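Work through the exercises below with the sequence and the model side by side, and try each task before reading its solution.

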Amino acid sequence: MTITLSQTPPATIACNALLVAVMPKGRGVEIAGHGLSPAQAKKVTDALSALGATGKSGEITKLGGVAGFRAPVIVAVGLGEHKAEFDLEAIRRANGNAIRALSGSKKVAILAAPEPALLEAIATGARLAAYAFTKFKSKAAPNSTPPATIILIVPGPISAAQKRIVEEINIVADAVDLTRDLVNTPPNALPPIALAAAAKKAVAGLPVTVTTWDVRALKRDGCGGILGVGQGSANPPRLVKMVYAPRGAKAHLAIVGKGITFDTGGISIKPASKMDEMKGDMAGAASVISAVQAIAALGLKVKVTGWVPTAENMPSGTAQRPGDVITMYNGMTVEVLNTDAEGRLVLGDALAMAAKDKPTLIIDVATLTGAQRIALGTRTAGVMSNDDDARAQVCAAAEAGGEAMWPMPLPEDLLATLDSATADIANIGDGFGGMLSAGVFLNQFIPDGQPWVHLDIAGPAFNDKTPYGYTPKGGTGAAVRTFVQVAKRLAAG
Ligand code: BES
Ligand code: MN
Ligand code: ZN
C-alpha cells in the first residue's frame, strides 16, 4: 500500500471515504485544516453537530451522502481541544483509528494539513494503520481489508518538502510492515535459515552487503552463545551481518537484534499458555533487518552495520542443559543456569563481534525479559546504556519517531548477582530487576569506552490485545522508527 499526495478538490475527489479532522467548537465542532469552502465546511459541521459529534480526541463520526461531495462517506476524526502545540503522536493515533474504522474501503482520501510536521503525523498514522497479515488465510475475510490507496489532499501547490515527507513515510512504513510480517510469520515458516534469507531479500537492490555465518563458520569463530542456544534444534542457527556504507558517511551505527525464531525456553521449558507468542522472539532481529533496509533506501549518510544472531531455542537430546558452561566470542565463559535466558547468549556473541569495528554507537534491540513488561508495561520499551548521553539521545530519537521508550539504569551492584561458582559469569541473576540484570549481563560483552545502548522491547514488540491507534494486533514493528531517527541524527553530524 502506498500513500500519495493530490491537489484534487475534496468535494470532487473519487474515493470511497473522505477523512476530515475536527475539533470542539461551542456546542459542536469545527473543521481543522484547509481546502473546503466555508459553505462546504458548514454542511459537514452541521451534519456532525446534529449527530452529536464533539470533536474530542479519538472520536470517529461517519456521515453518509453529504450533498455536494462525491465521496459517499465522510469520516470526522476528533483531535480534541486546539492547543498551542499539536501533540503529533495523538494526531498519528487519531488518523490510525480512522483508517482502521474504514477497513473494507478501497480508496480513502484525507483532507490533510500542509505543514510538514502535521502532514508527517497524519500520513504516518494513516499509513501504519493500513496493515493486515493475511498470508496464511486461505480466503480473505470481508471488511477486514485495509485501504489499498490513501490520498492526502493538500491545499495549494505540492512542495518538494511535502513530496519528500510522503516518500520517506512510504519507505519507513514498508520497513515497519516488514518487521510486523516477520514477527507474525508462524515459527515453522521462519526458522533461522529463513530469517537469514529474509535479511538478504529485504535489501535486494540496495547498496547493502550481506554475510551469513553457518554452523561451521560460527564454530570457527568461537560463537559459543549462538551455537549453545541453537544446538537443541533441528533448525541450525545463523549469524547475519548487513553492511550499508555510503560514501560520505558521518558516523558508524551498529545495530544488533535478537533473532530467536521460537523460544520454548529450552530444557528450562516455558509453560504452555501463550507460548505461541514466542514466535515473536525474533522481533529485535526483524527491526534490525528493516532498519537497514529503510536507512539504505533513504540514502542516509551514515554507515550502518546490522547484526542478526538467530537460533531456535528447543528442548531435545542435543539441547544445552542448565549447568552447561559455554565460551563466548570474546572468550568469556558463561554458566547457563537457565536455558530460557537465551537471548543474552546470542546477543553476547554478536555484541562482542560488532564492537570489533569500534562503531560510533552500538544499539541492541531484543524481546529480552518478561521483567521489562512488569516494570514498564506492554507498550513502553526500556532503554539502558553505559553512556548517559547516548541513552538520552536514543530516548529523544524514539520520542521524535513516535515510539514509547524510557530510560532505565544499569546498577553496578547487579553484576554480583550474576556470579557463577564455575564460570566467569552466570546467565541469570537473583530474579530482582530482571530487565536490568539482563542489561548488566550484555554490558560484559562491550569493551570499555564503546558507547552502547540496549533496548528491551519484550512488551512493545507484540500486541496480544486489540488494535489501538495505528498499532495492529500481533507484531507492531517496534524500534524501526527509532533506528531511522537515530541514523538521521548521526547523519546530520
Ligand atoms: N523471550 C523471553 C522474554 C519475553 C517474555 C519476551 C515474554 C516477550 C514476552 C526471554 O528469552 C526469556 O525467557 N526471559 C526470561 C529470563 C529469565 C529466565 C531470567 C524471563 O524473562 O522470564
Ligand atoms: Mn527465553
Ligand atoms: Zn527469548
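The exercises that follow deal with a metal site, a helix residue and two loop residues.

This is a predicted model, in which local features need pLDDT of at least 70 and side-chain atom pairs count only at pLDDT 80 or more, while totals for chains, interfaces and linings use all residues. Residues are numbered from 1 along each chain as its sequence is written, chains are lettered from A and ligands numbered from 1 in the order in which they are written, and side-chain values use heavy atoms, with hydrogens and water left out.

**Exercise 1.** Find which protein atoms are the donors of the manganese ion (ligand 2).

*Solution.* Begin with the term: donors are N, O and S atoms within 2.8 Å of the metal (3.2 Å for Na, K and Ca), and because water is not among the atoms, sites may look incomplete. The protein donors are then D263 (OD), D340 (O), D340 (OD) and E342 (OE), which lie 2.0 to 2.2 Å from the ion. Next, read their spacing along the chain, which is D-x76-D-x1-E. D263 belongs to strand β11 (residues 259–263), whereas D340 sits in the loop between β14 (333–336) and α9 (343–355), so that the pair, 77 residues apart, links distant parts of the chain (helices, H or I, of at least four residues and strands, E, of at least two are DSSP runs, numbered from the N terminus). Finally, D263 also bridges the manganese ion (ligand 2) and the zinc ion (ligand 3), which lie 3.1 Å apart.

**Exercise 2.** Decide whether D263 is buried or exposed, and do likewise for Q293.

*Solution.* Take the cut-offs first: buried means under 20% relative accessible area, exposed over 50%, and partly exposed in between (1.4 Å probe, protein chains only). D263 has a relative accessible area of 2% and is therefore buried, and Q293 is buried because its relative accessibility is 17%. Then look at the surroundings of Q293, which lies in helix α8 (residues 283–298). Its side chain reaches the backbone oxygen of A202 at 3.0 Å.

**Exercise 3.** Compare the loop residues K358 and A479: what is the phi of K358, and what is the phi of A479?

*Solution.* K358, in the loop between α9 and β15 (361–366), has a positive phi of about 50° although it is not a glycine. A479, in the loop between β21 (474–475) and α13 (480–491), is likewise a residue other than glycine with a positive phi, near 85°. As a last step, turn to accessibility: K358 counts as exposed because its value is 70%, whereas A479, at 0%, is buried.

How values were computed. A polar contact is a pair of N or O atoms within 3.5 Å; within protein, one must be able to donate a hydrogen and the other to accept it, and residues adjacent in sequence count only if both atoms are side-chain atoms.
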